[in-house]
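Please look through the sequence and the structure that follow, and keep both at hand while reading. The paragraphs after them go from the overall fold to the interior.

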Amino acid sequence: MKKLVVITGASSGIGKELAKAFLKEGHPVLLLARRKHLMEELNLENCICKSVDVIKKDEVEKAILEAEAKYGKTNLLINCAGIMLLGKADVQSYEEWDNMIDVNIKGILTGTNVVLPNMVKENDGTIINISSIAGRKTFDNHSVYCGTKFAVHSITEAMRKEVASTNVRIITIAPGVVETPLLSHTTDDKIKEDYNKWKETIEGGLDAKKIVDCVKFAYYMPQDVCVREIVIAKTKQED
Ligand code: NDP
């Protein structure tokens, strides 16, 4: 059997496509998100689904240790869980900012903190953080979302350097707009409407399977090759 892959945010969108893809490749997989029934609906073999809040390290750790007891140590952690609550800075609630900072930043740290020490000890392993093109430049109504994704970019790059000598890879994948339910949690209807109108002008977002292709490309490179960052967007997405 191939090595264990842990995926956060596996109940929807990109994470769900990643789950299907890595199972198809023959890896045992641990799927993490709050909505367990959506992960269980995939009805996959060699798969453990756990309802966890990625902010809570104890929940993430318990799930990973249980999966590792069954399938061996984690070889790939994909931190995909995230939320995008768009809003204008003078209108948006503090709670929405707080929530994005927690999920998008702390959410990549909990699992990393669990698996990285052993990866370094074994001189093997890969962590892939799903950031965003909004982690490279700013967009209107995205201020705090951009802040969280800039943080994902910088944490990933700084950690990559720190463990590079051990052959452990830490990688950023930064998509432009992808067709998933990500926008649905934004509470401002006008912002959602404008975003969807703009998306029509580029003939919709990327298929989530294209992000899966990027993850697989980076992961299946030989361990001594680190694809440090991939930025991918629809050709028609100008910004
Ligand atoms: P979805 O909304 O489809 O998926 C988000 C996932 O994150 C869900 O599985 C959700 O599961 C999980 N999640 C959210 N909060 C928590 C939490 N507190 N604990 C555990 N899991 C959580 O969006 P996408 O698939 O599009 O997003 C995946 C990643 O890709 C995000 O980091 C996003 O920022 C990034 N991205 C997306 C783009 C896009 O246009 N779609 C563009 C660029 C980057 P549940 O609610 O069940 O807990």
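In this predicted model, the order of elements along the sequence reads β-α-β-α-β-α-β-α-β-α-β-α-α-β, which amounts to seven helices and seven strands in the chain. With a radius of gyration of 17 Å, close to the 18 Å that the globule rule gives for 239 residues, the chain is as compact as a globular protein of that length. The C-alpha trace spans about 50 × 35 × 35 Å along its principal axes. When contacts between residues at least 6 apart in sequence are considered, 68% of them join residues at least 24 apart.

Turning to the surface, the chain exposes about 11,500 Å², of which carbon and sulfur atoms supply 50%. Its charged side chains comprise 33 positive and 34 negative ones, and the centres of these two sets lie 4 Å apart.

As for the interior, 53% of the 239 residues count as buried. The largest nonpolar core is made of 35 residues, and those with the most contacts inside it are Ile7, Leu18, Phe22, Leu31, Ile78, Ile128 and Ile173. Helix α7, covering residues 208-219, gives the most to this core, with seven residues. Leu31 can serve as a point of entry: leaving aside residues up to four places away in sequence, Leu31 touches Ile7, Ala10, Ala19, Met39, Leu42, Cys47, Ile48, Cys49 and Lys50. Apart from the largest core lies another core, of 20 residues, which includes Leu30, Val115, Met119 and Ile170.

How values were computed:
Residues numbered from 1 in each chain as written. Predicted model: local features only at pLDDT ≥ 70, side-chain atom pairs only at ≥ 80, totals over all residues. Heavy atoms only, no water. Helix = DSSP H or I, 4+ residues; strand = E, 2+ residues; numbered from the N terminus. Rg over C-alpha atoms; globule rule 2.2 N^0.38 Å. Buried < 20%, exposed > 50% of the residue type's maximum accessible area, 1.4 Å probe, protein only. Contact = heavy atoms within 4.5 Å. Areas by Shrake-Rupley, 256 points an atom, 1.4 Å probe, with all protein chains shown as cover. Lys, Arg positive; Asp, Glu negative; His and termini not counted. Charge placed at Lys NZ, Arg CZ, Asp CG, Glu CD. Core = buried A, V, L, I, M, F, W, Y, C linked by side-chain atoms within 4.5 Å.
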